[in-house]
Amino acid sequence: MVGEVHISNESSSLTNPTNKTTTAPLHHLPILHPHSLYNLISPILPFQLHFYPPLIITLHFILTHQRFLIMAATGESQPAKHQEVGHKSLLQSDALYQYILETSVYPREPESMKELREVTAKHPWNLMTTSADEGQFLNLLLKLINAKNTMEIGVYTGYSLLSTALALPEDGKILALDINRENYEIGLPIIEKAGVAHKIDFREGPALPLLDQMVEDVKFHGSFDFIFVDADKDNYLNYHKRLIDLVKIGGVIGYDNTLWNGSLVAPADAPLRKYVRYYRDFVLELNKALAADPRVEICQLPVGDGITICRRIS
């Protein structure tokens, strides 16, 4: 059953304190649901790591890989699995989402974006990537508004960044902010091969200090056509307070993950993972604030994990 931990009473492949190893048949190895494993180890985790998504994503990746290896070895049939690594669609039908990808997204996906998507799929944190349909949406949106000067907060391996760079004119610019250059450099060779690396000004480090500097300098006020935010959810409102001055009137800010795994309407006692529950409150607060902000027009779309488009009007 989902959420249960299945542990055989027989010995598994673990090294004991005497350095002697006992081995159990492969089908007796424990198959842990990610929720179950997390509940088991959370008491020994430092508090801060309860809310560190890459840790949970990595655990989920390891467990999923373990499960499929065991199923393959034992001949157990594998359940239907979405083919899009990093799948975050809120559609209840995976078949319908796959239809969208195969009919409208993949056939039009630039070769460089396909290559970066496939490279990112091999990374243990691949669930952090922008989905292919959202990448297509952003690319088209940027062309519709004739964006030229843009900003992206939260880059990861650069799938959405590449989508943006391909949409901008030759002299377009992207200020890309992320705390992890190593992840960005995974996608950088593909971005360079696509001929758009010259459009990107990557800055490593927290975004808020740089945004504060830009807000203090009047020359940056109203200077951005488009800003995309896919970063730490507990700072989304802090970002918005600053970005509203930096985006031009008529310009657009896009906030990603504003439906947050569909958890926003979950009952109070729903068995959510701790980081999902923790960030849910911040996303709820953001959505409430955006809906009441008279300076923007908004549209919340169930694309990817939810994206809210804000057009500054005053």
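Which residues does Phe226 touch, not counting residues up to four places away in sequence? The legends below begin with this residue in the predicted model.

**View 1. Surroundings of Phe226 in the predicted model**. Leaving aside residues up to four places away in sequence, Phe226 touches Leu138, Leu141, Leu142, Ile145 and Ala147. Its other contacts are Asn149, Thr150, Met151, Val252 and Gly254.

**View 2. The largest nonpolar core**. This core has 32 residues. Leu161, Leu162, Tyr184, Ile191, Ile200 and Phe226 are the members that touch the most other members. The most is given to this core by helix H6 (residues 159-167), with five residues. Another core, of 26 residues, lies apart from it; Ala207, Val229, Ala231 and Cys310 are among its members. In soluble globular proteins, nonpolar side chains tend to be buried together.

**View 3. Burial of helix H6**. Of the nine residues of H6, eight are buried, so this helix is largely enclosed by the rest of the structure. The buried residues are Tyr159, Ser160, Leu161, Leu162, Ser163, Thr164, Ala165 and Ala167. Leu161 and Leu162 also belong to the group of core residues that touch the most other members.

**View 4. Packing of H5 and H6**. Two packed helices are described by the angle between their axes and the distance between the axes. For H5 and H6 the axes come within 8 Å and cross at roughly 30°. Angles under 35 degrees count as roughly parallel, and H5 and H6 are therefore roughly parallel to each other. Their crossing is right-handed. On the H5 side the contact involves Ala132, Gly135, Leu138, Asn139, Leu142 and Lys143. These meet Tyr159, Ser160, Ser163, Thr164, Leu166 and Ala167 in H6. By residue type, the contact of H5 with H6 comprises six nonpolar, five polar and one charged. Leu138 and Leu142, listed here for H5, are also touched by Phe226.

**View 5. Packing of H3 and H5**. The axes of helix H3 (residues 94-105) and helix H5 (residues 132-144) come within 10 Å, with a crossing at roughly 45°. H3 and H5 are therefore oblique to each other. The crossing in which H3 passes H5 is left-handed. H3 contributes Tyr97, Leu101, Ser104 and Val105 to the contact, and H5 contributes Ala132, Asp133 and Gln136. Four nonpolar, two polar and one charged residue make up the contact of H3 with H5. Ala132 of H5 takes part in this contact and also in the contact with H6.

Methods: Residues numbered from 1 in each chain as written. Predicted model: local features only at pLDDT ≥ 70, side-chain atom pairs only at ≥ 80, totals over all residues. Heavy atoms only, no water. Core = buried A, V, L, I, M, F, W, Y, C linked by side-chain atoms within 4.5 Å. Buried < 20%, exposed > 50% of the residue type's maximum accessible area, 1.4 Å probe, protein only. Helix = DSSP H or I, 4+ residues; strand = E, 2+ residues; numbered from the N terminus. Contact = heavy atoms within 4.5 Å. Axes fitted to C-alpha atoms, helices over the stretch in contact; angles between N-to-C directions. Parallel < 35°, antiparallel > 145°, perpendicular 65-115°, else oblique. Left-handed = near helix turned anticlockwise from the far one by under 90°. Nonpolar A, V, L, I, M, F, W, Y, C, P; charged D, E, K, R; others polar.
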